[in-house]
Amino acid sequence: MRPTLVRALRLTAFALLLAAGLLSLAGPGLQGASDAPVAQAQDTVAPVSVVTVRGVINPTLAHFVNRSIDAAEQSGAQAVVLQLDTPGGLDSSMRQIIQRILAARIPVIVYVGPPGARAGSAGVYITYAAHVAAMAPNTNIGSATPVAMGESGEQQMSPEMRAKVTNDAIAYIRSLAEQRDRNAAWAEQAVREGANVSAQQALSLGVVDLMANDVPDLLRKLDGRAVETAAGTVALQTAQASTQAVSMNLVDALLHALSDPTIAYLLISLGTMGLFFELSNPGSILPGVVGGICLLLGFYALGTLPVNYAGLLLMGFAFLLFVIDLFAPSHGVLTAGGLVAFVFGSLMLFNVPEAAPWITLSAWTVVGVTATMAGFFLVVARLVSRSQHLKPAAGAEALIGQVGRVRSPLTPAGMVFVDGALWEATAEGGGDPIPAGARVEVLALDGLLLRVRPVRETATEAPVSPPSPNAASVGVKTRP
């Protein structure tokens, strides 16, 4: 079996084992929560599950929240506190979380905290859906205007489509407000105008039910409150209740971290460089494997973010130009064009300022990645070009340019010793005979006949070691 194939199989097996290990980490469920029901004594206060919900609302976070509520119900917790800090996210993931909250058999309390946190965009809807909504001091809520993904600037949606989407969002949040008896007028203002208020203002406007400095303070203020759930009315007894902290496991945290625009951008860039190196150096394997993994993870991240597909296509076109420049020498023109396309694609990739101000790429990130890629591609292209001009190291072509010794006078035919063997040779251009012992340079190879010319004594070629006594009897090259 070829060594390269063996290495490829080993790398594949290692990748499969690593994936199985990661999945096994995800299997046990949540840190701090158990899927198995826990029996509660009659005189014991049921615990409260405190789930940290931080970052972009995407499929990974929605799955984590839903699984947390499931685990809390199964473990006998009396309530779930979602400690929320989010700039917003995907409408589909937001609706999954809201549907699970509405169907919960135990109270779900959304607590916008700790101080300094926010409930933006999709976070507003989730807060309105909670059985009890609370905020910490120095937090804010609002800016719930819906925006289309995959477009940018003023071209996001036509006026007709914007009206349809906005009216749908208003009807949705008003229904949540009416069900939870919260301020529906402000909810509509948050959707239509992007209104945003502080925690104190939200409390006075009836957007949230209470303010609390931290989770223990929240539990004290919740004690004795009656909450209507899908399973009926529940009276909270939280003043003396213990808490069960729930956070993402390793796999969830990794997938959720990929939703950061900068990380997604870096993964796409690293994947491009890895595949480019593999194409320019076939058989290296590892760069191709790493590049492929980075690209797949990068595409997963892009699927959870508002992306301008024109920018993504420009980045793909840049990669195509880089690859073509390897096989169609253009003196760097295609590489320069690829870098220009890559820069414009990078600037357009997350160009959705109205949609989500938290989705952006730093100009320094774009400059740094572009400079790194430029240096990488130029170095690889130079190495490829140099390898294409190297003299053959083996075979008949490797004899061209080598210097040997004449063993029998060339008049003009004779024998020469080159590359450890005797060859039949003829002097180029005829002329005076070349005596034995003279140094000659190989000009060409016709079958098994060398064409040579004498080397002047002032030439700088390295001297040829004299053959061993039995060299003439080994590897003699003659024509048939």
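I count a residue as buried when its relative accessible area is under 20%. With that cut-off I looked up two tyrosines, and both Tyr 125 and Tyr 172 are buried. The model I am reading is a predicted one.

**Entry: the whole chain**

I began with the totals. The protein chain has 480 residues, and buried residues make up 44% of them. I find 14 helices and 16 strands in its secondary structure. The accessible surface comes to about 23700 Å², and carbon and sulfur atoms hold 61% of that. I then turned to contacts with a separation of 6 or more. Of these, 71% are between residues 24 or more positions apart.

**Entry: the six-strand sheet**

I traced an open sheet of six strands next. Its order is E8-E5-E3-E2-E1-E11, and the pairing is parallel. Which strands are at the edges? They are strand E8 (210–211) and strand E11 (243–246), and each pairs on one side only. A general note for myself: strands of a sheet pair through backbone hydrogen bonds, either parallel or antiparallel.

**Entry: strand E3**

I stayed with strand E3, residues 108–112. Is it enclosed or open? Five of its five residues are buried, so the rest of the structure largely encloses it. I checked the side chains as well. Val 108, Val 110 and Val 112 point one way from E3, while Ile 109 and Tyr 111 point the other way.

Then I looked at the neighbours of E3. Strand E2 (residues 79–85) pairs with E3 in the parallel sense, over five bridges. Within that pairing, Leu 84 has Val 112 of E3 as its bridge partner. Strand E5 (residues 132–135) also runs parallel to E3, and four bridges join the two. Here I noted that Val 112 stands opposite Met 135 in E5. Tyr 111 has Ala 134 of E5 as its bridge partner.

How do E2 and E3 connect? I followed the path through helix H3 (residues 91–102): E2, H3 and E3 make a right-handed β-α-β unit.

**Entry: the nonpolar cores**

I looked up the largest nonpolar core, which has 55 residues. Which members touch the most others? They are Leu 82, Tyr 125, Tyr 128, Ile 141 and Trp 186. Apart from this core lies another, of 30 residues, and Val 323, Val 366, Val 369 and Ala 374 are among them.

I picked Tyr 128 for a closer look. Leaving out residues up to four places away in sequence, Tyr 128 touches Ile 173, Leu 176, Ala 177, Arg 180, Arg 182, Asn 183, Trp 186, Ala 187 and Val 207.

**Entry: aromatic rings**

I counted five aromatic pairs. One of these caught my eye: Tyr 125 and Tyr 172 are stacked, 6.3 Å centre to centre, with 25° between the planes. The pair links distant parts of the chain, 47 residues apart. Tyr 125 is in helix H4 (residues 122–129) and Tyr 172 in helix H5 (residues 159–180). I also found a cluster of phenylalanines, in which ring pairs link Phe 276, Phe 277, Phe 322 and Phe 376.

**Entry: His 63**

I finished with His 63, which I placed in helix H2 (residues 59–75). His 63 counts as partly exposed because its relative accessibility is 45%. How far is it from Asp 252? The two are 189 residues apart in sequence, but 9.0 Å apart in space, C-alpha to C-alpha.

Terms used:
Residues numbered from 1 in each chain as written. Predicted model: local features only at pLDDT ≥ 70, side-chain atom pairs only at ≥ 80, totals over all residues. Heavy atoms only, no water. Core = buried A, V, L, I, M, F, W, Y, C linked by side-chain atoms within 4.5 Å. Buried < 20%, exposed > 50% of the residue type's maximum accessible area, 1.4 Å probe, protein only. Contact = heavy atoms within 4.5 Å. Areas by Shrake-Rupley, 256 points an atom, 1.4 Å probe, with all protein chains shown as cover. Pairing = 2+ DSSP bridges. Right-handed = clockwise from strand over helix to strand, strands pointing away. Phe/Tyr/Trp six-rings, centres within 6.5 Å; stacked < 30°, edge-to-face > 60°.
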